[in-house]
Structures are given as structure tokens and as C-alpha cells.
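Colleague: I've just opened this one and I'm still finding my feet. Could you walk me through it, one question at a time?

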Amino acid sequence: MIGMAGCSSPTPEPVPPRPAPAPAPIVERIVDGSFDFRGAIVQGGLAVGQAPAGAVSVTLDGEPTRMDAARRFLVGFGRDAPGTALVEARLADGTRVRQALRVVPRDWKIERIPSLRQTSTPNPDYERLRTAELARIDAARSGTSDATGWTERFAWPATGRISGIYGSQRILGGVPRNPHAGVDIARPTGTPVVAPASGVVVLAGPPRLSLEGNLLILDHGNRLFSSFLHLSRTDVQVGERVAQGQRVGAIGATGRATGPHLHWAMSWGDVRVDPQLLVPAMP
Ligand SMILES: [Zn+2]
């Protein structure tokens, strides 16, 4: 045999000189772009955004907001959010794509009762108890799960007469009270409450809290949480995964409630948003 494959040494090809690496850009490229949003860009609103192709990170008004593998992210606006916001994506090549959003203002139901003055007597025992309760709630909402409920279309956790709306406020004797942070649905004690979207249970009373009574908190992922107050009972345990429509508890009047109703509140990080904007009209 005359030689075998691999035995002959090939003549080396001349290696062309490598081009010098391009110098780093001095000015960042910032372009106006458009993101797609599903949801309401209004005070109290929450929307799922779709970042442009190639996006590696997104910010809302300079604050990082988590993006999933499909480049979806959340934006949320509080009751008193200013009229504009800026969403910006950074692409892999360093380009920044930004879009200014107009946050539509809303009119809030304000009830003034000049004759009624809120009186409160300091009570150290209660203050101590309340501090511990708020710490328990904060701890439940401090983490973030891989739940994908935040990408789903939400459903009512219970149906019935709406007896209180998000953003309404009472001014007693000239002193503004905290605005109502959720939506109230009046139904008899024992009416089932179902998960409005999938999630993970992060708090499930008892023990009852002094204002919220039996409280249930669901983590829908991406820092989005639902809270259900005044329940007569909870049917799920902390750590349990629940599907949309799954029964999680029952309406009650525990805690500070004048009658049986479900108070449903939602928060995205520290921003309280209006649950009613996420669901269809009450049937
Ligand atoms: Zn309420």
C-alpha cells in the first residue's frame, strides 16, 4: 500500500491576517420602537408586554422587570401613577429600544363625610400584633415563583354583586383614608372562591389576621400576587400549586368586615393594581 489516509502531511494554506476588532462604540444606539401590550395602560392597570426580537432585558421607568423566555414581561401602574411611563429593552448588540407609554388617568369615587371624624386610641398591644401580621404578609410576598398565571387571562374568583371598587376613597372629617385597594364581591358565607389564574399558595390562614381575617395569597409568578380576604375557610395549603378555576376557599366575614364578601386585591411588586381590569364584565 502506498500511504494511508492521514499519513501524508498536507501543504498548509496561507492564513489570512485577522481584521482588527472593531472599536467599542462611544455612543449607544437608542431607537424608538414599539412593544406589543395586552392589557390596560391606565392608572391601576396591568399589561403583559412583548419585547422586540433580540431583547435581553427590559426596564419600566428604569426599574428592571423580569422577562420570560418568550420575551414577555409585566408592567403595572398604581392608582396615582403619573401620566407617562417609559419602557426600554436592551438588545444583545447593546441597542436600546424605547417606547413612551401614555398612562390614562381615571376618576376615583371619593366620598366626603365632613361630620364624621376618625378617632383612634393608641393601643400598644394591637400595634405589636399588627406589626407581626404585616411582617407575615410581607414575607409571603417576598419571593417569586415560576408560576405562569401572570400570562393567563384572569377569571372572576367568585361572581356576585360588586359592593366595593378599587381606588374609591372616603374622607372623614377632612382626613383622607387609604383608598380601597381591591374589589369587593358580596355573596353569602360559604360561597366557593376559585383561583382566578394558576399559581402557588404562599399564605393560607388561619391564624386569622385582625383586619384581613382568614387570608389567602396566591403567587401568579413574576411578582404578581392575588389576596383574598375575610374567608370563612381556606381549602389549600402553603406550597400547593393551584390551577385556574380550582376551589381555594369560601367567602366569609372574618376580620374587619361588616358582612360576608370577598375582597380580592392584586399587587405587582409594591404596586397595587385593579383586579377588575383583568377580568371580563361581571356576569
Ligand atoms: Zn374591600
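Modeller: Sure, and let's start with a definition: two strands pair if DSSP finds at least two bridges between them. Keep in mind that this is a predicted model.

Colleague: Good. Which residue in the turn of the hairpin formed by S7 and S8 has a positive phi?

Modeller: S7 and S8 run antiparallel, with 7 bridges joining them. As a hairpin they have 4 residues between them. In that turn, the residue with a positive phi, about 95°, is Gly-94.

Colleague: And which residue in S8 does Glu-88 stand opposite?

Modeller: Stay with the S7 and S8 pair, joined by 7 bridges. Look across from Glu-88 into S8, and the residue you meet is Arg-98.

Colleague: Strand S4 pairs with S7 too. Which residue in S7 is the bridge partner of Leu-60?

Modeller: S4 covers residues 55-60 and S7 covers residues 84-91, and they pair in the antiparallel sense over 5 bridges. For Leu-60, the bridge partner in S7 is Val-87.

Colleague: Let's zoom out. How many helices and strands does the chain have?

Modeller: Here you just read off the secondary structure of the chain. The tally is 1 helix and 22 strands.

Colleague: Is that helix, H1, largely in the open or largely buried?

Modeller: H1 takes in residues 124-140, and from its first C-alpha to its last it reaches 25 Å, close to the 24 Å expected at 1.5 Å a residue. A residue needs 20 or more other C-beta atoms within 10 Å to be buried. Of the 17 residues of H1, the number that are buried is 0, so H1 lies largely in the open.

Colleague: What radius of gyration does the chain have, set beside a compact globule of 283 residues?

Modeller: Along its principal axes, the C-alpha trace spans about 105 × 50 × 45 Å. Buried residues make up 32% of the chain. A compact globule of 283 residues would come out near 19 Å, but the radius of gyration of the chain is 26 Å.

Colleague: How far apart are the C-alpha centres of domain 1 and domain 2?

Modeller: The domain assignment gives domain 1 as 30-102 and domain 2 as 110-278. Between their C-alpha centres, the distance is 27 Å.

Colleague: Which element gives the largest share of the side of domain 1 that touches domain 2?

Modeller: The contact takes 12 residues from domain 1 and 14 residues from domain 2. On the domain 1 side, the elements giving two or more residues are strand S3 (46-50) and strand S6 (72-76). The largest share there, 3 residues, comes from S6.

Colleague: Now a loop residue: is Asp-107 buried or exposed?

Modeller: Asp-107 sits in the loop between strand S8 (96-102) and strand S9 (110-113). The cut-off for exposed is 12 or fewer other C-beta atoms within 10 Å. Asp-107 has 7 of them, so it counts as exposed.

Colleague: Let's try the sheet with S14, S20 and S18. Which are its edge strands?

Modeller: The 3 strands form an open sheet in the order S14-S20-S18, with antiparallel pairing. S14 is joined to S20 (residues 247-250) by 3 bridges, and Val-193 has Gly-249 as its bridge partner in S20. An edge strand here pairs on one side only, and that fits S14 (192-194) and S18 (233-234).

Colleague: What is omega near for the peptide bond from Pro-206 to Pro-207?

Modeller: Most peptide bonds are trans. Pro-206 lies in the loop between strand S15 (199-204) and strand S16 (214-219), and the bond from Gly-205 to Pro-206 is cis, with omega near 0°. The bond from Pro-206 to Pro-207 is cis as well, with omega near 5°.

Colleague: Last one: is Asn-222 buried or exposed?

Modeller: Asn-222 lies in the loop between S16 and strand S17 (224-231), and its phi is near 55°, a positive value in a residue other than glycine. Arg-223 is found in that loop too, with a positive phi near 65° and 21 other C-beta atoms within 10 Å, so Arg-223 is buried. For Asn-222 the count within 10 Å is 23 other C-beta atoms, so Asn-222 is buried.

Methods: Residues are numbered from 1 along each chain as its sequence is written. This is a predicted model: local features need pLDDT of at least 70, side-chain atom pairs count only at pLDDT 80 or more; totals for chains, interfaces and linings use all residues. Domain bounds come from an automatic or database domain assignment. Two residues are in contact if their C-beta atoms, placed from the backbone, lie within 7 Å. The expected span of a helix is 1.5 Å times one less than its number of residues. The radius of gyration is taken over C-alpha atoms; the globule rule is 2.2 Å times the number of residues to the power 0.38.
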